[in-house]
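These are my notebook entries on one chain, kept in the order in which I looked things up. Each entry records what I asked of the model and what I found.

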Amino acid sequence: MTKREKIDNITEALSAGNIFTQQARARIEEKTDKQLDYILSPIDQCIYLEACAGSGKTEVLGLKAAYEISKWKSYQSGIAVLTFT
């Protein structure tokens with residue numbers, strides 16, 4: 001999948017939940033391929049995001065949570081996000 005396809009996939013999912021803005025798309029376009037892969041990775045796998053300070057880990061984690069929530073089909077489930085510094 002190309003970087004453009006990854007960005008389109010994420011923005012399409014987020015715009016379906018009315019939480020998408022042009023500013024959000026600009027922020028998504030700034031992400032690296034590795035960060036986009038993290039956002040699009042399967043939710044049923046353990047995922048570890050490691051990077052240096054100031055690299056955007058918290059923002060990527062927030063995008064991942066928003067992406068997964070926008071794709072929920074059942075509101076009988078939840079999500080836990082763990083982060084530490």
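**Entry 1: Surface patch**

I began at the surface, where I43, I69, I79 and V81 form a nonpolar patch with about 330 Å² of accessible area together. I note that the model is predicted. I then located V81, one of the patch residues, and found V81 in the segment after α4. Its relative accessible area is 40%, so I recorded V81 as partly exposed.

**Entry 2: Overall layout**

I next asked which elements the chain contains and in what order. I counted four helices and zero strands, and the pattern along the sequence reads α-α-α-α.

For overall dimensions, I took the C-alpha trace along its principal axes and obtained about 35 × 30 × 25 Å. The radius of gyration is 13 Å; a compact globule of 85 residues would have one near 12 Å, so I recorded agreement.

I also looked up the surface totals. The accessible surface of the chain is about 6,200 Å², with 54% of this belonging to carbon and sulfur atoms. Of the 85 residues, 25% count as buried.

Contact range came next. Among contacts with a separation of 6 or more, 52% are between residues 24 or more positions apart.

**Entry 3: Nonpolar core**

I asked which residues make up the largest nonpolar core. I found 12 residues: I7, I10, A13, L14, I28, L36, Y38, I39, V60, L61, L63 and Y67. Two or more residues of this core come from each of α1 (3–16), α3 (33–40) and α4 (57–70). I set a general remark beside this: in soluble globular proteins, nonpolar side chains tend to be buried together.

I chose I39, one of the core residues, for a closer look at its surroundings. Setting aside neighbours within four places in sequence, I listed I10, V60, L63, K64, Y67 and E68 as the contacts of I39. The list thus includes the charged residues K64 and E68 as well as I10, V60, L63 and Y67, which belong to the core.

**Entry 4: Salt bridge between D37 and K6**

I searched the whole structure for salt bridges and found nine. I examined several of them individually.

The side chains of D37 and K6 meet in a salt bridge at 2.7 Å, N to O. D37 lies in helix α3 and K6 in helix α1, so this pair ties together parts 31 residues apart in sequence.

Are the two partners buried or exposed? I found D37 partly exposed, with a relative accessible area of 40%. K6 has a relative accessibility of 8%; because the cut-off for buried is under 20%, K6 counts as buried.

I then listed what surrounds K6. Apart from its neighbours within four places in sequence, K6 is in contact with M1, D33, L36, D37 and L40. The list includes its salt-bridge partner D37 and the core residue L36.

**Entry 5: Salt bridge between D8 and R25**

I moved to D8 and R25, whose side chains meet in a salt bridge at 3.0 Å, N to O. D8 lies in helix α1 and R25 in helix α2 (residues 22–29), so the pair ties together parts that are 17 residues apart in sequence. For D8 I read a relative accessibility of 34%, which counts as partly exposed.

**Entry 6: Salt bridge between E59 and K31**

I looked up E59 and K31, and found a salt bridge between their side chains at 3.2 Å, N to O. This pair links distant parts of the chain, with E59 in helix α4 and K31 in the loop between α2 and α3, 28 residues apart.

I checked accessibility for both partners. E59 is partly exposed at 27% relative accessibility, whereas K31 is buried, with a relative accessible area of 5%.

I then asked which residues are joined through shared salt-bridge partners. R4, D8, R25 and E29 form one network.

**Entry 7: T32 in the loop**

I closed with T32, which I placed in the loop between α2 and α3. T32 is partly exposed, with a relative accessible area of 40%.

How far are the C-alpha atoms of T32 and K3 separated? I recorded a separation of 8.4 Å, although the two residues are 29 residues apart along the chain.

Conventions
Residues are numbered from 1 along each chain as its sequence is written. This is a predicted model: local features need pLDDT of at least 70, side-chain atom pairs count only at pLDDT 80 or more; totals for chains, interfaces and linings use all residues. Side-chain values use heavy atoms; hydrogens and water are left out. A nonpolar core is a set of buried Ala, Val, Leu, Ile, Met, Phe, Trp, Tyr and Cys residues joined through side-chain atoms within 4.5 Å. Buried means under 20% relative accessible area, exposed over 50%, partly exposed in between (1.4 Å probe, protein chains only). Contact means heavy atoms within 4.5 Å. Patches are made of residues with over 30% relative accessible area and no salt bridge: like charges are joined within 9 Å, nonpolar side chains (Val, Leu, Ile, Met, Phe, Trp, Tyr) within 5 Å. Accessible areas come from the Shrake-Rupley method with a 1.4 Å probe; for residues, only the protein chains shown count as cover. A salt bridge is a side-chain nitrogen of Lys or Arg within 4 Å of a carboxyl oxygen of Asp or Glu. The radius of gyration is taken over C-alpha atoms; the globule rule is 2.2 Å times the number of residues to the power 0.38.
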